[in-house]
Number of protein chains: 2
Amino acid sequence: MTDLERIPVRSPASVAVFRRILTHGPIGRVDIARATGLSQAMITKAVTPLMAAGFVEESEFTRTENGVGRPISPLAVVRNRTYLAGIKVTADRSYGVLTDLGADPLAQVEAGHANSGPDEVLRAMNQIARELRRRSPSGRLDGIGVAVSGDVDRAAGVVRDSPLLGWRSVPLRERLQALTGTPVTVENDVRALTLTENMFGAGRDAATLAVVTIGAGIGCGLFLNGRIVQGAHGVSGEIGHLPLAPGDLVCTCGRRGCVETVASTRAIVDRVRSAAGKAALTIDDVFDLARRGDPDAVAAFAAAGEMIGAALAALVNLVGPELVIIAGESVTEYDLYADRLRATFAEHAFGAAIDCDIVLTPHTFNDWARGAAVCVIEEMAGGSL
Amino acid sequence: MTDLERIPVRSPASVAVFRRILTHGPIGRVDIARATGLSQAMITKAVTPLMAAGFVEESEFTRTENGVGRPISPLAVVRNRTYLAGIKVTADRSYGVLTDLGADPLAQVEAGHANSGPDEVLRAMNQIARELRRRSPSGRLDGIGVAVSGDVDRAAGVVRDSPLLGWRSVPLRERLQALTGTPVTVENDVRALTLTENMFGAGRDAATLAVVTIGAGIGCGLFLNGRIVQGAHGVSGEIGHLPLAPGDLVCTCGRRGCVETVASTRAIVDRVRSAAGKAALTIDDVFDLARRGDPDAVAAFAAAGEMIGAALAALVNLVGPELVIIAGESVTEYDLYADRLRATFAEHAFGAAIDCDIVLTPHTFNDWARGAAVCVIEEMAGGSL
C-alpha cells in the first residue's frame, strides 16, 4: 500500500489559498486575494508548490477582464490525477461514490450486508472499493474515506462507539487498508456531511453554519470560527440528545427526555403503532397515514416538528450560526412537520437569532458518501481545510 | 481626545506572540516557540516592533536554564506605561477598576445611580473615570472599557438593546468619549468576562471554554476554535433562554419555557414569595429560608439546580467545551443548588461529554469591570486576541 499523497500546503495562508481554489475554482488570483486578504506575493508562494506537485493548474479558460488588459488564467484543481472513494455505512447497506479532487461524483455503487457486524460490513466495503477502482479513469483509487455514525477517532482510524452498527473499538482504518491496499480515512458521518456542505454545498459562502440531520437519529455539525467544532471529549453536535422532551420518555441512549424520544423516525413510528394498536406499521405506512389525515399520525409529526423547532432554537440561541441546513434522507417528508417546526422555532428564537436562515437540503446516502471522500481531500491537505 | 494607542501586531503570528507574553509573561522565547509552534525567527520578527513601541520588555529577572548555558531574558508586557479603566454597569450602580496592561487591578471605585437611564449612568461613569484617572500612576487613562448586559454592537460602540437597563440604541462610546476625553470600548458583559477568563482566569490554558453566569439573568460566553463565538446576528450564549422549562411559565423576555423562568434569582424569589404568601421576601430572605430547611425555598433552589444542570448538559452535548466555568455574583450560594445541578447534568450529558470539567468561580462586579479593561487591551491589539 502506498501512503496517502500529501498536498503541499505548508502554512495557514497556503491552506486558505488551496481551499479557495478547491471550492471556488476556476478562480483568478485577484479574486483569491480579495477572498483571503492575502497579498499577490503570498498567493504566488502558495500556488507554486501546488502547481509543481500537479494538484493545481491554470485553467484553459484564459480570458481578459472585460475584454481588456492582461489575460488572466484562472486557477483550478487538477481533475484527472486523483480519484477517491467515499463510503457511507448504514445498518444494512453501504453506499459508495467515486469522486475526483474537486469532489465531483463520477460513479455510484452500493452493497447490502446481511448484518452490521464489522466482518460483513468490511466485506461490502471492499466490494464497493473494488468496483469503484474498476470505474476509476486512472484504474486507481488514491484514497478511501468512510463515514460512520457515532464516536469516531479519526486520528487513530478507530470507530470507538457506534450504537447504530453495534460497534465498539473497531480499528476500521487498519482493517480496510489491509483489505484494499489503499489509504483509508475514517470520520464521523455528520462531521463529513458538514465539511461537504461547508466547502461545496449550501453553506459554501456562510461564515458560520450548522447542519442538522434528521433520520434514524438526529445529529448536528457546527462550523464556527473557521473550523468544525470537535468537542473536547469527542462529543459535540448531539442535538438529538438535548433534554427538551418530557422526562417520562426514555431514549434509545438510555437517558430521559432526549429530543429523539419524540422526533426520531423510530419515535414517530412507535407512537403511531401504539396509538393504532398495530405493531406492524412501517415508517412508509405512517407517512401515508399522515398524508391521509389520520389524527394519530398527524399528531406524531406535529410533536416531532415542535421538538425539532425547539431544538433548533436552543442551537441558534447558544451559538447563533448564519445558516442552518436541515439535511438527511427523511427530509423528503419535511412538509409533514415543517409548519410546526418553524412556528416553534420562531417562538423560542431569541431576538435577532430569528433571522437565522433555515434551509432544507434533502440528502441521499450518496451525498454522505461524497462527504467521506471530502474528508480524504482534507486529510491530503494535512487534516484541516 | 487622543486615539486609542495601537499595539503593533501585524499578522496572526504576531498576535499569537503578543498574546502569549501578555497571558504567560514573563516568558522565555523558547517557551513562546513551544506554545505557538512558531520559529525563533518569527518570534523575533513579532517581538521587535512590540519592544520598539514600548509594549514589551525583557524582564529584569534574567536567569539561566538550570543555572547553566546562556542566560535567558524572559519577555513581559511593560506595566508602567499604559493604564486602563474598566467599568461594569448594573441597574443601580456602576463598578470601576484601574488596571495596567497586564490587566492587574490597581484600584477600585464605584458609584450609585438614582436610575438606569443613560444620562444618570453616564454621569456615574464619568465620576468613576475621573477618580480612576486621579489614582492612575501616570495621571492618565489610556482607554476606558465598558461592559453592559444585552445586545452590544462593539464596532459601532452602540448598546442596541439592554433590557436590564432599559436602553435601546444608546451611542455609549460617543457619549462617554465626549464626557471623558478618553477612547472608549463598549462590549457585552458576558463576552468581556469570557475574554478575561480565557486570558487570565481559570480558562487560561483551556483550548475551549464556556463561561456561564448566574444571577439576575443567566448568560454564557463560548470560546471555540480559538475565538469567542459572536453569533451571526449578534445573538449567542443565550443559555438562559433555552426552552427547557414547562411551557406555562412566561419569561421576562416574553417567551415561554425559558431556563430563566425557573433558575433566575427573580424566578426563585417569586416562587418562594407566592408559596409563602409573602410578597416582601428578598433574595437574602430566601437564602436564609433555604438554609433553615424551609421546604418551599429548598424546592425552589432544587428546581433551579435541575434547570441549570439540564441547560449545561444541552450546552456540553452541543459544543463540548473542555471546561465550563460557572461564574457570577450569586454563585456564593451555589451550595444551595450544586447537588441537583451536578446530578441533572450527569443524567443528561451524552457519553464522554460527562468528562467536561465544571468549576465554580465566584465573581464580584469588579471582576466584570476588569473584563471591560481587557476588552480595551484587545482593541489596542486590533480587535482580536
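1. A helix here is a DSSP run (H or I) of at least four residues, numbered from the N terminus. In that sense B:Glu174 belongs to helix α5 of chain B, residues 172-180. The model is a predicted one. B:Glu174 is exposed, because its relative accessibility is 59%. From its C-alpha atom to that of B:Gly309 the distance is 41 Å, with the two positions 135 residues apart along the chain.

2. Domains of chain A. Three domains are assigned: domain 1 covers 12-77, domain 2 covers 84-194 + 367-380, and domain 3 covers 204-363. Domain 2 is thus written as two segments, because the assignment lists 84-194 and 367-380 together. Between the C-alpha centres of domain 1 of chain A and domain 3 of chain A there are 40 Å.

3. Relation of the two chains. A turn of 180° with a shift of 0.0 Å along the axis lays chain B on chain A, and the RMSD is 0.0 Å. The two copies are therefore related as by a two-fold rotation axis. As for the interface, 100% of the interface residues of chain B are interface residues in chain A as well, so the copies meet through the same surface.

4. Helix α3 of chain B. This helix has 13 residues (40-52), which at 1.5 Å a residue should span 18 Å; the end C-alpha atoms are 18 Å apart, so expectation and model agree. Its buried residues are B:Ile43, B:Ala46, B:Val47 and B:Leu50. In an α-helix there are 3.6 residues a turn, so residues three or four places apart point the same way. What do the buried residues of α3(B) pack against? Their partners in chain B are α1 (12-24), α2 (29-36), β1 (56-58) and β4 (75-77). Just after α3(B) comes B:Gly54, with a positive phi of about 85°.

5. Strand β7 of chain B. B:Val109 is found in this strand, residues 105-112. With a relative accessibility of 12%, B:Val109 is buried, because the cut-off is under 20%. Leaving out residues up to four places away in sequence, B:Val109 touches B:Ser94, B:Tyr95, B:Gly96, B:Ile128, B:Glu131, B:Leu132 and B:Arg135. One of these, B:Ile128, is 19 residues from B:Val109 in sequence, and their C-alpha atoms are 6.1 Å apart.

6. Cysteines. How many disulfides does a search of the whole structure find? The count is 0 over all chains. A:Cys220 is in no disulfide, and the nearest cysteine sulfur, that of A:Cys356, is 11 Å away. A:Cys220 is buried, at a relative accessible area of 6%. For A:Cys258, also in no disulfide, the nearest cysteine sulfur belongs to A:Cys253 and is 3.8 Å away. That distance does not qualify because a disulfide needs the sulfur atoms within 2.5 Å. A:Cys258 is buried as well, with 1% relative accessibility.

7. Aromatic residues. Over all chains the structure holds 8 aromatic pairs. In one of them, B:Phe301 and B:Tyr337 have ring centres 6.4 Å apart and planes at 5°, so the pair is stacked. B:Phe301 sits in helix α10 of chain B (residues 295-319), and B:Tyr337 in the loop between β16 (323-328) and α11 (338-348) of chain B, so the pair ties together parts that are 36 residues apart in sequence. Both B:Phe301 and B:Tyr337 are buried. In chain A, one aromatic cluster is formed by A:Phe287, A:Phe301, A:Tyr334 and A:Tyr337.

Terms used: Residues are numbered from 1 along each chain as its sequence is written. Chains are lettered from A and ligands numbered from 1 in the order in which they are written. This is a predicted model: local features need pLDDT of at least 70, side-chain atom pairs count only at pLDDT 80 or more; totals for chains, interfaces and linings use all residues. Side-chain values use heavy atoms; hydrogens and water are left out. Helices (H or I, at least four residues) and strands (E, at least two) are DSSP runs, numbered from the N terminus. The expected span of a helix is 1.5 Å times one less than its number of residues. Buried means under 20% relative accessible area, exposed over 50%, partly exposed in between (1.4 Å probe, protein chains only). Contact means heavy atoms within 4.5 Å. Copies are superposed by least squares on the C-alpha atoms of residues with pLDDT of at least 70 in both. Rings of Phe, Tyr and Trp (its six-membered ring) pair if their centres lie within 6.5 Å; planes under 30 degrees apart count as stacked, over 60 as edge-to-face and the rest as tilted.
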